Structures are given as C-alpha cells and as structure tokens.
Amino acid sequence: MKKSIIFFLVATLVLAGCQNLSGTQQTNNYNDTNSKKYEATTKNKKGQVFRVISAYKWANHYVQKAKDTNSESDRSELWQKLVKDHIQDQCLNGEYSHLVKEYVSTPPESLENLKVDIEMLDSSNLEEAIIEALKASAKKFPGPETTVCILPQGNGTNSSGVTLGSGKITIFYSPSQSKSILERTIAHEYHHSTWTAEYSDDYRWDLLGSIIFEGKAEYFASLVFGQRVGDNYVSAEQEKKLWGKVKESIHSTNLDKINTILYGGENGLPYNYGYFLGYQIVRRYVENHPGTTVEEWSKLSPKELYEKSGYEDSL
C-alpha cells in the first residue's frame, strides 16, 4: 500500500449521498438500510468482478442530521447509524480491519470540511477512473473479486489507500490529488490485495518482508501506469550510504525500527525510504531475470527475491 503497509498503517475514514455508476436513483431517506445503495459492479472479459462503493455518500446523511446538534454523544450515535452501519461489511471488515478502526471510531470534527470534501468527491467522477485502473491492473495480475470503497481523507490521515484484505481496498481521496496519483494508488493496493489472496500465508513480517511487500506493489504500479518510482530519488552515492545504514537491520521485527525505515523522514532517511528501497530491489530482480512474470516474482519470498536481485552488488 502506498503509505499503507498492511500491519503497520493507521488509516482514516469519512463518507456521503447521490448517484452511482449503475444509474440507480438515489434518495436521502435517513432510514434506508440498503447497504448496496451506492454500489456499482462490473467485470472484465475474464469474468473478474470489480465493485466500487461510493462510501463517502453515506456521510451526506450524517452532515444533514448532525448540523442540528453539538452534542458529542448524539453525533457519535448518528455517525454509527448513518455511516458505519451501512459500510461495515464491505468497507471496514477484512483480514486487516484494524487499519481503519481508529478513524471510524469517532465522527469527523468539522462538518463544514466534511461537507466540502463530499461535494468535491461527488463531482469528481472517481468511480469510472477507479474501474478503469482496476481493469488495467487485472490485465497484468489477475486476482479475486475486488471491492474498492471511496472515502475522503479524514482527521489526521496522510494515507491515500489501504488494503483491508483479499479483494478489499479502501481509498482515502483528497480532491487535491491528481488522477495519476489515484491510478497509481489503485494499482499499488490492487497488488497488495491480490498478493494477499494468493501468497500471504506464513509470510515473515520483518523489515525485509515489509520493504519487499511495498516494493512489489510499487514496482507493479510502475508496470501498469509507466511511472517509475525511484527515478532521481537519490544519487547512486546516497543510495549506497543509505543501504549501509539499514542493511544490518533487515531481519529486525521491531515495529518502531520498521516504521522509521519504511516511512523515512527522520534519522537522515528520505521520506518513504523503504518504499523506494523495496522498489529498487524488485526492479533489479526483474531486470536480472528477464521474462519473469508478475505472478512469478510476486510469490517469491523476501529472502529469495533479495538474494537473487543482485541489489547490493549493483551499488
């Protein structure tokens, strides 16, 4: 996950109400319990199903009701009833559902900001862009039935997406993000989702495992949308020095150390350093093993992929 590693990210959510891809007429009935109200479903030529849920639309009901009260407890009750109850099964559950618990535990602080975000999301037609990005990703790496929920970025969130498990992706979209960022995020999370469905059993979540996990998704996104993450990121000399600082820790399972290296931004590490490092290792592996398919390099263990990548020798 770009800015969203499965075991270590804390994510966030918010939601709202209008019209979906399937053309189903929408209403503002606060008591409507149809959990599929804002859902659009399609499939590709191979029969892989893609579902996009405009989950942000449920929050529109919340905004309309919550403006009449300043009571924290009343707003929390409304948030539960008008938002969480409608999206729980499809947008909040999964192998890694703990990633979204912190955000959905309380409603957003600013109704005005939420209203503005909902209006911008409602006019952005993200659903079509997400469907196309899913189809493009599936051409490279066929996977399970996949559901994407669209939510605005909420209080304190700096993540653009998170994989909740096999076939389950949540996108935290900021209207300031470009279409290319959205596409890359979908491809990145799609790889995580499909990898989880196929290869996640007995995975070792040490630093190397975390770096390779993100590196595979980053490299996959570059294959789908042609944007190579690492170009001009650091000089060759800097890359060698950075690797020298972390290589002795690659088998560490210390969460603080993993997060520090993975997300960078401190201790002399560039922002998102672990993503860059993982990308470089996977890229070197594929370049040194031409003809390797996405499925083949995706299922490799971190240890085997790293040892056969020739990464350190290339520095």
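Let's start at K45, which is found in the loop between β1 (39-43) and β2 (49-53); helices (H or I, at least four residues) and strands (E, at least two) are DSSP runs, numbered from the N terminus. This is a predicted model, in which local features need pLDDT of at least 70 and side-chain atom pairs count only at pLDDT 80 or more, while totals for chains, interfaces and linings use all residues. Residues are numbered from 1 along each chain as its sequence is written, and side-chain values use heavy atoms, with hydrogens and water left out.

K45 is exposed, because its relative accessible area is 90%; buried means under 20% relative accessible area, exposed over 50%, and partly exposed in between (1.4 Å probe, protein chains only). Although K45 and K135 are 90 residues apart in sequence, their C-alpha atoms are 9.6 Å apart in space. Both lysines help to line the largest pocket, along with N44, K46, Q48, E132, A136, A138, K139, P142 and G143. That pocket has a volume of about 260 Å³. If you want to reproduce the search, it runs on a 1 Å grid over the protein atoms alone: a pocket is an open set of points where a 1.4 Å probe fits, with protein on both sides within 12 Å along at least five of seven lines, and lining residues have an atom within 4 Å of a point. Grid points are joined across faces, edges and corners, and the volume is the space filled by probe spheres set on the points. The lining divides into 3 nonpolar, 3 polar and 5 charged residues, where Ala, Val, Leu, Ile, Met, Phe, Trp, Tyr, Cys and Pro count as nonpolar, Asp, Glu, Lys and Arg as charged, and the others, Gly among them, as polar.

From the pocket we can step to helix α5 (residues 126-140). Its 15 residues should span 21 Å at 1.5 Å a residue, and the end C-alpha atoms are 22 Å apart, which agrees; the expected span is 1.5 Å times one less than the number of residues. The buried residues of α5 are L126, E127, A129, I130, I131, A133, L134, S137 and A138. An α-helix has 3.6 residues a turn, so residues three or four places apart point the same way. One of these buried residues, A138, is also in the pocket lining.

P142 and G143 from the lining lead on to T194, in helix α6 (residues 179-199). T194 touches F141, P142, G143 and P144, not counting residues up to four places away in sequence; contact means heavy atoms within 4.5 Å. T194 counts as buried because its relative accessibility is 0%.

Next comes T147, in strand β3 (residues 146-152). With a relative accessible area of 8%, T147 is buried. Its side chain is joined to that of R51 by a polar contact of 2.9 Å, that is, a pair of N or O atoms within 3.5 Å; within protein, one must be able to donate a hydrogen and the other to accept it, and residues adjacent in sequence count only if both atoms are side-chain atoms. Leaving aside neighbours within four places in sequence, T147 is in contact with R51, I53, Q90, G167, K168 and I169.

Q90 takes us into helix α2. The side chain of Q90 makes a polar contact of 3.1 Å with the side chain of E39. Q90 and C149, 59 residues apart in sequence, are 7.9 Å apart in space, C-alpha to C-alpha. V83 also lies in α2 (residues 72-92), and V83 is buried, with a relative accessible area of 0%. The C-alpha atoms of V83 and H61 are separated by 8.0 Å, with their positions 22 residues apart along the chain.

Helix α7 (residues 207-225) has 19 residues that should span 27 Å, and its end C-alpha atoms are 27 Å apart, which agrees. Since 18 of those 19 residues are buried, α7 is largely enclosed by the rest of the structure. G226 follows α7 with a positive phi, near 70 degrees.

Most residues other than glycine have a negative phi. N267 and N272 are not glycines, yet N267 has a positive phi of about 55 degrees and N272 one of about 60 degrees. N267 is found in the loop between α9 (255-263) and α10 (273-288), and so is N272. N267 counts as exposed at 55% relative accessibility, whereas N272 is buried at 5%.

Stepping back, the protein has 13 helices and 5 strands, and buried residues make up 56% of its 315 residues. Among contacts between residues at least 6 apart in sequence, 73% join residues at least 24 apart.
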